[in-house]
Amino acid sequence: MNLQQLDKELNIYNDVFKEKKIIFLGENGHGVSEIQKLKIKMVEYLHEQFGFNKMVFEV
């Protein structure tokens, strides 16, 4: 997925996101750079659009 288009793609889920207090972003490819970049963009989007401000990572 083109990261520049991600905001447009995520808009589809705005009604779901705005009702949530916790969103879990799992991953199926630990250490894969493309997935990490996508997750960073998703976290930025969730913070900017919905005010999410806490994160927990699995290690």
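The legends below describe close-up views of a predicted model.

**Figure 1. Overall fold of the protein chain, with three helices and zero strands.** Along the sequence the elements run in the pattern α-α-α. The three helices are α1 at residues 6-10, α2 at residues 14-17 and α3 at residues 33-50. Taken along the principal axes, the C-alpha atoms fill a box of roughly 30 × 25 × 15 Å. The accessible surface of the chain comes to about 5,100 Å², and carbon and sulfur atoms account for 54% of that surface. Of the 59 residues in the chain, 15% are buried. When contacts between residues at least 6 apart in sequence are taken, 59% of them join residues at least 24 apart.

**Figure 2. The largest nonpolar core, made of seven residues.** Its members are Leu6, Leu10, Phe17, Met42, Tyr45, Leu46 and Phe52. Two elements, α1 and α3, each give two or more residues to this core. The largest share comes from α3, with three residues.

**Figure 3. Surroundings of Leu46, a member of the largest nonpolar core.** With neighbours within four places in sequence left aside, Leu46 is in contact with Phe17, Ile23, Gly51 and Phe52. Of these partners, Phe17 and Phe52 also belong to the largest nonpolar core. Ile23 is among the residues that lie nearest the centre of the largest pocket.

**Figure 4. The largest pocket, with about 670 Å³ of space.** The pocket is lined by 24 residues. Those nearest its centre are Ile23, Leu25, Lys54, Met55 and Val56. By residue class, the lining divides into 13 nonpolar, five polar and six charged residues. Helix α3 gives the most to the lining, with seven residues.

**Figure 5. Lys54, in the segment after α3.** Lys54 is one of the residues nearest the centre of the largest pocket. The relative accessible area of Lys54 is 71%, so this residue counts as exposed; the cut-off for that class is over 50%. The C-alpha atoms of Lys54 and Val43 are separated by 9.9 Å, and these two residues are 11 residues apart along the chain.

**Figure 6. Lys20, in the loop between α2 and α3.** Lys20 has a relative accessible area of 42% and is therefore partly exposed, a class that runs between the 20% limit for buried and the 50% limit for exposed residues. Along the chain, Lys20 and Phe50 are 30 residues apart. Their C-alpha atoms are separated by 9.4 Å.

**Figure 7. Asn2, in the segment before α1.** Asn2 counts as partly exposed because its relative accessibility is 38%. Asn2 and Phe17 are 15 residues apart along the chain, and the separation of their C-alpha atoms is 21 Å. Phe17 is one of the seven residues of the largest nonpolar core.

Notes: Residues numbered from 1 in each chain as written. Predicted model: local features only at pLDDT ≥ 70, side-chain atom pairs only at ≥ 80, totals over all residues. Heavy atoms only, no water. Helix = DSSP H or I, 4+ residues; strand = E, 2+ residues; numbered from the N terminus. Buried < 20%, exposed > 50% of the residue type's maximum accessible area, 1.4 Å probe, protein only. 1 Å grid on protein atoms, 1.4 Å probe; cavity = no way out; pocket = protein on both sides within 12 Å on 5 of 7 lines; lining within 4 Å. Points joined across faces, edges and corners; volume = space filled by probe spheres on them. Nonpolar A, V, L, I, M, F, W, Y, C, P; charged D, E, K, R; others polar. Core = buried A, V, L, I, M, F, W, Y, C linked by side-chain atoms within 4.5 Å. Contact = heavy atoms within 4.5 Å. Areas by Shrake-Rupley, 256 points an atom, 1.4 Å probe, with all protein chains shown as cover.
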